[in-house]
Amino acid sequence: MTASFSNLSLAEPLARAVAEMGYESMTPIQAEAIPVVLTGKDVMGAAQTGTGKTAAFSLPLLQRLLKHENASTSPARHPVRALVLLPTRELAIQVAQQVKLYAKYTNLRSAVVFGGMDMKPQTLELKRGVEVLVATPGRLLDHIEAKNAVLNQVEYVVLDEADRMLDIGFLPDLQRILSFLPKQRTTLLFSATFSPEIKRLANSYLNDPVTIEVARSNEAASTVEQHFYSVNDDDKRRALHQIVRQRGLNQAFVFVNSKLGCARLARSLEREGLKTTALHGDKSQDERLKALESFKKGEVDLLVATDVAARGLDIKDVPAVFNFDVPFNAEDYIHRVGRTGRAGASGLAVTFVSGSDGRLMADLEKLLKKKIELEAIEYEEDKPRGRINDGRRAWREAGELGDPRDALDVAPPPEQAPRPQREFRAPAASRDPFFDQPYQAPASDAAPAWEAGARPSTRISANIKPNKRKVAALFKPE
Ligand code: AMP
């Protein structure tokens, strides 16, 4: 049964805004959360990005704030009544945009504040008075300290992407912000996953919350086709090219674990002819917004991003997500994969697993509560010549046309035969210890390898089995 917005008795200005958005029915999180938030109870919601959770909390909050609605120009008549906290600037902008759309036929004002930008325009907006303030924690504290934001009349606070806020280390900032708020208030906490830390946060700040879990929290959307390929580090780029070509992908997100890796990979892919942009925390706010815009407009094919920079971005219809690196935090897999297959569309999620990812893969299996099948990629240049085309001819033609690396379907000349393998590259016949040894968990209280600066264990879960599925090759090696 699909729940309709008309069952909610939303006030006319809100119902009109929703109708204008073209939403036909409520998403599951909306159907569950909106009626609860309308009662004023605290909520602990598990929902992935892309599930419509912004409307799930903003619509009922706006409805409850309508009693304060007024057309006065006096700032005093527009104190902050609802505070929405988010971990990243991009996400804050996105949520603020949505809140503005839902509130457009009301006199309720909203604003967004985030770091990396001049405080002055934000200050002016705050001084004019806003009922709904969307913010990232650090910048909000700056405004509180500068007395630009007064929060003593806040009735609702939303901690969105709470797990991410904790990951980023925002807990002390959150605690400080919450200390400025009235004790009598409604608190809504949304998180893709309910880790023990999130539960602790909820226990400290939520009052007898209603728990809403629309899908199992640690589960990627079922509409996403997920593949895990065994690829050694040096081959990841050509594997990426090959899959992009083979699948005819026009756009994709490519996730990496480090800012440096992000910038490097984006540069390499750009050199190799893919229109690519990078999104990471070292980019200026302006650059990040530009990168995002150009991807949204379809001016670039690939958006290479780190987890922090990409968290929660509302970019719909991304046909594919590549995990160029297996995420350090298994929960980030859910967030990354959440970029594709949104709102019921089908999507593709490809993860490249190298020989050193055993520990991370074991974490992921634990989170997903399932065995992960590792597939092999067979590269065209590794196949006997002439099977798909005349590799020698193609190579010569490519060489005559320019940089042979730009050519497709070409086999290397004899002197450029495939590199010796330094790491495992799958096939079933392998007797590589990578598959033969069972995964051994590290001592439970040991620091994760990446934190200790060590390479993660080279062992991989005994559950991870290679299979012989082959992917046609369309890309030539460097
Ligand atoms: P969110 O999870 O809040 O980031 O929302 C993801 C996207 O889904 C946004 O672009 C919303 O505009 C869209 N959306 C939210 N609710 C609905 C709905 N009931 N029907 C269709 N799309 C929706």
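Me: What makes the seven strands an open sheet, and in what order do they sit?
Reply: In this predicted model, the order is S3-S4-S2-S5-S6-S1-S7, and the pairing is parallel. The ends give it away: strand S3 (110-113) and S7 stand at the edges with a single partner strand each, so one side of each is left without a neighbour in the sheet. From one strand to the next, the twist averages 15°.

Me: How do you know that S1 pairs with S6?
Reply: Count the bridges. Pairing takes at least two of them, and four join S1 to strand S6 (residues 186-191), so the two count as paired. S1 and S6 run parallel. For a landmark, take Met 44, whose bridge partner in S6 is Leu 189.

Me: And what joins S1 to S7?
Reply: Four bridges again, this time to strand S7 (residues 210-213), and the two strands run parallel. Met 44 turns up here too, standing opposite Thr 211 in S7.

Me: Which way do the residues of S1 point, and are they buried or exposed?
Reply: In strand S1 (residues 43-46), Val 43 and Gly 45 point one way, while Met 44 and Ala 46 point the other way. All of them are buried. For that label, each needs 20 or more other C-beta atoms within 10 Å of its own.

Me: What makes S2 a partner of both S5 and S4?
Reply: Bridges once more, with at least two needed for a pair. Strand S2 (residues 82-85) is joined to strand S5 (residues 156-159) by four bridges, and they run parallel. With strand S4 (residues 132-135), S2 also pairs over four bridges in the parallel sense. Some residue matches: Leu 83 has Val 157 as its bridge partner in S5, Leu 85 stands opposite Leu 159 in S5, and Val 84 stands opposite Val 134 in S4.

Me: Which residues of S2 point which way?
Reply: Ala 82 and Val 84 go one way from S2, Leu 83 and Leu 85 the other way, and all are buried.

Me: Now the helices. Why is H3 called oblique to H4?
Reply: Look at the angle. The axes of helix H3 (residues 53-65) and helix H4 (residues 89-102) come within 10 Å and cross at roughly 45°. Roughly parallel would need an angle under 35 degrees, and roughly perpendicular starts at 65, so 45° falls in the oblique class. That makes H3 oblique to H4. Their crossing is right-handed.

Me: Which residues make the contact between H3 and H4?
Reply: H3 brings Thr 54, Ala 55, Ser 58, Leu 59 and Leu 62, and H4 brings Val 95, Gln 98, Val 99 and Tyr 102. By class, that's six nonpolar, three polar and no charged residues.

Me: How do you know that H14 is largely enclosed by the rest of the structure?
Reply: Seven of the eight residues of helix H14 (residues 330-337) are buried, so the helix counts as largely enclosed. The buried ones are Glu 331, Asp 332, Tyr 333, Ile 334, His 335, Arg 336 and Val 337.

Me: Why does Ala 291 count as buried?
Reply: The cut-off is 20 or more other C-beta atoms within 10 Å. Ala 291 has 23 C-beta neighbours inside 10 Å, so it counts as buried. Ala 291 lies in helix H12 (residues 285-296).

Me: What does Ala 291 touch, leaving out residues up to four places away in sequence?
Reply: Thr 277, Ala 278, Leu 279, Lys 283 and Leu 303. As for Thr 276, it is 15 residues from Ala 291 along the chain, and their C-alpha atoms are separated by 9.2 Å.

Me: What makes Asp 363 buried?
Reply: Asp 363 has 22 other C-beta atoms within 10 Å, and the label needs 20 or more, so it is buried. Asp 363 lies in helix H15 (residues 358-368). Asp 363 and Phe 328 are 35 residues apart in sequence and 9.1 Å apart in space, C-alpha to C-alpha.

Me: How many helices and strands are there in the protein, and how much of the protein counts as buried?
Reply: There are 18 helices and 15 strands, and 47% of the 478 residues count as buried. Among contacts between residues at least 6 apart in sequence, 75% join residues at least 24 apart.

Technical notes:
Residues numbered from 1 in each chain as written. Predicted model: local features only at pLDDT ≥ 70, side-chain atom pairs only at ≥ 80, totals over all residues. Buried ≥ 20, exposed ≤ 12 C-beta atoms within 10 Å, placed from the backbone. Axes fitted to C-alpha atoms, helices over the stretch in contact; angles between N-to-C directions. Parallel < 35°, antiparallel > 145°, perpendicular 65-115°, else oblique. Left-handed = near helix turned anticlockwise from the far one by under 90°. Contact = placed C-beta atoms within 7 Å. Nonpolar A, V, L, I, M, F, W, Y, C, P; charged D, E, K, R; others polar.
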